[in-house]
Amino acid sequence: MDTLLAHVNVSPGRAPPPQLPHFEPMEVAGTPDLQQQLYQVLSDACSQDPARMMPAAERLPKLEKEQGAFHAIYQIGAEKRVPVPVREMAMIRLKNEMTTHWRSRLLLTEPQKAECRQLAMTFMDEPVDSIFNLNTIVLTKIARFDYPLRWANLVPDLMQLISNSTNARSASGVADPLNTLVLRRSLRALHGVVKEFSTMKLPSQIKVMEELTNTLFQPFMDLWSQFSAYFRAQLEPSTLANPVLAYDLEIAHLAFKSYSKIFAWRWNRSPTQNEHWTDKLTDTMRITVEQFHVLCTMRLHLISTLAQSNPCVLSGPHNTTCSDPGISATLTLLTRHVMVFGKVFRRLCQLKRDNFVTHPSTPHLITFYWSLVTSATQLPAVIDSPFALYPLRLLVQALFLFREFMQDWSLLARRHKVQNLQELLASPDANVSSELREILGAGNVLKSIDLLINQLIPLRPEDLQKWESEPEEWFIAEDGESEQWEYELRGSAERVLMIFVSNFADVAQPELLRMYQQVAGNHDTDLPTILHKESVYCAMNRSVHQLKDNVNFDEMLGSHFVADVQVADAAYSVVKRVIAVIIGKWVYEEAVPAPTPIVWELLLRLLQDQSSSIIVRLSAAGAIRQCTDTLGFKKDVFAPYLRDILAGLVNLFNECENMESKRYATRALAVVIECADDLIMNYAKELCDTIPSMWATADAEQNSLLKADLITIAAKLVGATKANSLYLWPIVIPLVQMGFQTGVATQLDEDALDLWIHALRWTPALIDDQGSSPNLMELLPLLHGLLLNNLDLLGRVLNVVDGYLLVDAPRFLQTNASGLVEGFNKVFKTAIQTNVRDLVASVQIMIRSSPPELWAEPLHTTGFFWNILEDFLASKAKASILNQYLYLIARLSLVNTKAFMMLMEAAANEHHMGLDQLYGDVLQQWWEKFDAVSEPNNRKLLAMGMAALVATGQPVVLRRLTGDIFDMWLSVLGELEEAWKNDELDAQHPLYIREDSKEWACVNLPEECEGTLEQGRREQLNATDPVTTERLGPYIKLQLDFAAQACPGGPGEFQNRYIAGANPLVTNQLYKYLGIIG
């Protein structure tokens, strides 16, 4: 690399051109023809002949897997004698593939990597921009892995190139094209390295970035200063076409970008991390602000002088074009250089707003930016052109920074315990600069508000052109409350206006009201009047909270808006749009009471207004959605307009061409259906009939979001029609099925499941009285597949299972019991803890809501019961999951003890275990896990399940009676003592829960099913649950009586063998609880 670093020999007069080394094509060791093969394949891949392109596209990835292939491709890309398209293809492959496999020793040996690093440096005199840019990406990615450990000379080499080229420029006094090219390329490469490391987060990478900042900050600053002085000395209208000026300006621009990247990175560090940098950062901010002021002023003077002295150069409306290519290039670069300062200030503000706002130079910066805004509004128009005196993007930057600064000062005012910035300025101890006090004085605030409303917020010719040519796209961009406003003049101006209105209410409110009164009664249709009225209405909309107490909303609607919406002129659409926006926002944000008939009349008229732009109808749809989705919404007021609004929204859907704008109609439709509730009954069939054609539209565009909206509409229709929703099955069942079709399932499966669950929660039966098709039973194969194969959706799938079981468990299980239990058996070991709980709850619902003839055999034949037992006895799962298994075993014993005993016997026989041993193991685990259960309802369940087992009289159970079982019963009975002895006890007592309280419910009641038929079914299941309905003491006493009768040898044997040996104190206490003794 020595020859590379010595390519510039500084001598008096003109410096010699740089001599950069070139690597000759080299054969790859072990594969002599690999480079030739790669060259041929790359050439074929660039060909326009499909017969060559297609085979090359298949062969190239295979060749790249050969060791040394990337090294050979790099040699091809670096060789300037190779045709440019082939070189570009080579560099694209390196960018896409080599950088992701750089660490692979199979594809690149260490010597080959070293040569690749050298090759990366040979592009510093590359004449083709696209190739150099691709190499810069490759170089920075390699640097990410190898700098500084394996590529320690990267930054020194680039800095030496920059230094040599700069010295040559200084010594010769002229800009040699090749020397300048090397300087530009080296600067861009080094900027890429700095940018790459500035985004890294690992400690070792941060340390490298710290070293880079320490090493490069001052050189970049010196380079920026040096070349700034060069181009400023030449910046005259007569020299704008001089290439030397453009070269020097570009170098200064590149140096400043790198310098500012380091500045921003250091700015974002904490004070402890920025030791020795605090003063430097303060000075850097000051210098940057000063230089921006100087540079911006120079640009303004230059363009003004050029327009006056040579008007033929800048032409077009408001200087939008430049006839001289050299001048055009220089002015474009100068404007870019000015704009990059704004990007830096914006970034500093985003990183550390407080530091930015409180910096001593910031007030001067903000006042200068605001002076640019006020000066720009004196011109006929603001345009987005690098030749404009005040380019639109410059004003957007100014408005953004002004807004951020003012917003932070508003927060500062609150920290000073005053309400707003106006009060802070009035405070005697407020540290506010004289410049700020001047622009924030009452008179200037008033002028600023007028300036914003009259000059910056009104729609511009470009807006109106897009309004006409792409109305739906315009609406989507305008309606979206995203961060895009930061890059738009109108959106930024609106946010600045909001700051003024909220902080200077005494000045702003009267002015806004004056403007409103001035335009409200004016219905002239000339374009300036219309645009001014739209701007004032827009300001009213943005100031809703500040003006709501000062505006008579009813008068606004009845006297002004009614007259506005009746204007038939097409140009008046812009006013009608903002009227819809105002109504929707003011109602939605509760600035006014509930929507009145006049609100619905206005919105309906706008929705049906075919004389206006589709933007008006889309805005009306959004306002309808907002007005219905409020706490003050009243169905009886809305009812007369429902049919026409539904029809209008459907027509709007059909009218829209853009899929996103169609979604405005569908989302409004879904909210209207949900809020109208039972009022929708008469229109449900008509709405369902429209869904297939809507679906076909979405299907043609493969728009999953629109399909999801249609599924949501169907779900809302089910909720609105309630028990009559089974008449919607012809559309509901196909929508559920289509939601799980291949290709769309990943986007629609959750929406389809929601519709399915809604249908089950509201249906009175799984099949209607006539057994019509389609019906919910036809979805069982889909349910079986989901249960077996979709673990991600298991929780929602179990909700579907619960729905079927609660509606008609016998019918469901008659055709699907084995498949259902098979699904349970497959997923219970791999499901997450929450899903295991839900699964056990589903099994409990199954065994409680259907006879054992339907579920007992599948529990055994699928292995599910044994697998539960095996996991339970092994105790290897989490304690919470083992508890769920225990609840299931107790529930089986309680619901049908005979079925439980048969399952135990079958399990013991199949797995060659003694039945007594199996019972003994289960009972031992039951007792050991009992103390880990804290929920009262589950402890009672375990006690009752054990009592049911005791009632069988099996010796293996009875042998534990006076030990573990008595202790378990006493524990639960003691907890319930106050509840079952004192009926008058307050149910809200913090220490006790009445046994008949809903707190004992073992079937949960999800909030989503509140008010549905499923809620009643769940409550009914709880109402018949022994855990809820029966007192524990009498229940245990009854089971003991059964045990005495079932015991081999009868009651006497039961007493003598299993009771007599018990601890008398324990027995007496238990008998007291059971009421056997007093």
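Q: Does Ser725 count as buried or exposed, and what is its relative accessibility?
A: Ser725 counts as buried, because its relative accessibility is 1%, where buried means under 20% relative accessible area, exposed means over 50%, and partly exposed is in between (1.4 Å probe, protein chains only). This is a predicted model, in which local features need pLDDT of at least 70 and side-chain atom pairs count only at pLDDT 80 or more, while totals for chains, interfaces and linings use all residues. Residues are numbered from 1 along each chain as its sequence is written, and side-chain values use heavy atoms, with hydrogens and water left out.

Q: OK, and where is Ser725 found?
A: Ser725 sits in the loop between helix 33 (704-721) and helix 34 (729-738); helices (H or I, at least four residues) and strands (E, at least two) are DSSP runs, numbered from the N terminus.

Q: Which residues is Ser725 in contact with, leaving aside neighbours within four places in sequence?
A: With those neighbours set aside, Ser725 is in contact with Val718, Trp762 and Thr763, contact being heavy atoms within 4.5 Å. In addition, a polar atom of the Ser725 side chain lies 2.8 Å from the backbone oxygen of Lys722.

Q: Switching topic, which domains is the protein chain divided into?
A: There is domain 1 (27-199), domain 2 (201-355) and domain 3 (979-1030), with bounds that come from an automatic or database domain assignment. Taken over C-alpha atoms, the centres of domain 1 and domain 2 are 29 Å apart. Their contact takes 22 residues from domain 1 and 25 residues from domain 2.

Q: How much area do domain 1 and domain 2 bury between them?
A: About 2,300 Å² is buried between domain 1 and domain 2, with 72% of it on carbon and sulfur atoms; buried area is the accessible area (1.4 Å probe) that two parts lose on being put together, summed over both.

Q: And how many salt bridges does the rule find across that interface of domain 1 and domain 2?
A: The rule finds 3 salt bridges across the interface of domain 1 and domain 2, a salt bridge being a side-chain nitrogen of Lys or Arg within 4 Å of a carboxyl oxygen of Asp or Glu.

Q: Which helices supply at least two residues of the side of domain 1 that touches domain 2?
A: Helix 8 (154-172) and helix 9 (177-198) each do so, and helix 9 gives the most, with 12 residues.

Q: Now the backbone: where are the cis peptide bonds at Pro148 and Pro774?
A: One cis peptide bond runs from Tyr147 to Pro148, with omega near 0°, and Pro148 lies in the loop between helix 7 (129-146) and helix 8. Another cis peptide bond runs from Ser773 to Pro774, with omega near 5°, and Pro774 is in the loop between helix 35 (745-762) and helix 36 (780-789).

Q: What is phi of Asp677 near?
A: Phi of Asp677 is near 55°, which is a positive value in a residue other than glycine. For background, most residues other than glycine have a negative phi, and most peptide bonds are trans. Asp677 lies in the loop between helix 31 (659-676) and helix 32 (684-700), and counts as partly exposed because its relative accessibility is 23%.

Q: What about phi of His912, and is His912 buried or exposed?
A: Phi of His912 is near 55°, a positive value in a residue other than glycine, and His912 lies in the loop between helix 42 (897-910) and helix 43 (915-930). His912 is exposed, because its relative accessible area is 74%.

Note on methods. Polar contact = N/O pair within 3.5 Å; in protein donor to acceptor, adjacent residues only side chain to side chain.
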